Amino acid sequence: MSESVNGPSCGSGFRPAPADGALAGTRVVVTRARVQASDLVQRLSALGAVVVELPVIAIEDPVDGGGALGAATERLVAGAYEWVVVTSANAVSRLVDALHGRAAPASTRWAAVGTSTARSLTENGIVPDLVPGIAVSDALVEAFPGAIPTGAAPGRGTDAGAVLFVRAERVRDVVASGLAAKGW
């Protein structure tokens with residue numbers, strides 16, 4: 001979202017030339033959590049933008065103190081999931097912390113919603129198997145394979161069709177319902 005600090009532009013789309021920096025005269029609203037936005041805010045300011053910080057999310061510990069994630073990571077390490085799906089760098093960070101240095105079995109496949117989330121996995125030694133071309137949950141669900149019917153892959157050592165979806169407390173119900181519709 002941007003607007004001219006000098007007022008609206010003329011009907012012809014004309015904007016005054018920036019005085020200092022490529023973004024001078026532009027107001028930018030940054031909606032990321034402050035702890036995650038400092039580099040972006042500094043870069044935008046250095047380019048001359050007037051930056052308004054308006055965080056729309058808060059990064060907080062879960063109400064259960066991480067108990068559900070801890071139990072899920074125990075099952076992950078034991079090989080209970082065919083796939084792990086993460087939709088943010090925050091989810092990757094929480095999951096990696098909960099693993100305490102342990103690894104999932106090599107047969108476990110990983111899906112990331114976009115390149116930033118995939119980069120976060122890679123930085124933690126996990127190479128994602130699926131990253132859609134567009135970084136939105138809908139694209140992840142579309143690119144995700146259908147589940148193999150129970151019994152079609154004997155000896156995998158996993159619960160047939162089991163996916164661990166590490167997510168924020170409040171998210172759109174796209175991934176969970178989309179994967180369920182595909183048989184997961």
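**Exercise 1.** Which residues touch the most other members of the largest nonpolar core?

*Solution.* Start with what is in front of you: this is a predicted model, where local features need pLDDT of at least 70, side-chain atom pairs count only at pLDDT 80 or more, and totals for chains, interfaces and linings use all residues. Residues are numbered from 1 along each chain as its sequence is written, and side-chain values use heavy atoms, with hydrogens and water left out.

Next, recall the term: a nonpolar core is a set of buried Ala, Val, Leu, Ile, Met, Phe, Trp, Tyr and Cys residues joined through side-chain atoms within 4.5 Å. Buried means under 20% relative accessible area, exposed over 50%, and partly exposed in between (1.4 Å probe, protein chains only).

Now read off the result: the largest core has 19 residues, and Leu-76, Val-86, Leu-95, Trp-110 and Leu-164 touch the most other members. Among the elements that give two or more residues to this core are helix 2 (67–77), strand 4 (83–86) and helix 3 (89–99). Helix 3 gives the largest share, four residues. (Helices, H or I with at least four residues, and strands, E with at least two, are DSSP runs numbered from the N terminus.)

**Exercise 2.** Find residues that Val-86 is in contact with, leaving aside neighbours within four places in sequence.

*Solution.* Contact means heavy atoms within 4.5 Å. Applying this, the partners of Val-86 include Ala-91, Leu-95, Ala-112, Leu-121 and Val-166.

**Exercise 3.** Describe the aromatic pairs around Phe-144.

*Solution.* First, the rule: rings of Phe, Tyr and Trp (its six-membered ring) pair if their centres lie within 6.5 Å; planes under 30 degrees apart count as stacked, over 60 as edge-to-face and the rest as tilted. The count comes to two aromatic pairs.

Second, take Trp-83 and Phe-144: their ring centres are 4.6 Å apart and their planes are at 50°, so this pair is tilted. Trp-83 sits in strand 4 and Phe-144 in the loop between helix 5 (137–143) and strand 6, 61 residues apart.

Third, Phe-144 and Trp-184 are edge-to-face, with 5.6 Å from centre to centre and 85° between the planes. Trp-184 lies in the segment after helix 6 (175–181), so this pair ties together parts 40 residues apart in sequence.

Finally, ring pairs link Trp-83, Phe-144 and Trp-184 into a cluster.

**Exercise 4.** Are these three rings buried or exposed?

*Solution.* Compare each value with the cut-offs. Trp-83 has a relative accessible area of 3%, so Trp-83 is buried. Phe-144, at 2%, counts as buried. Trp-184, at 16%, counts as buried too.
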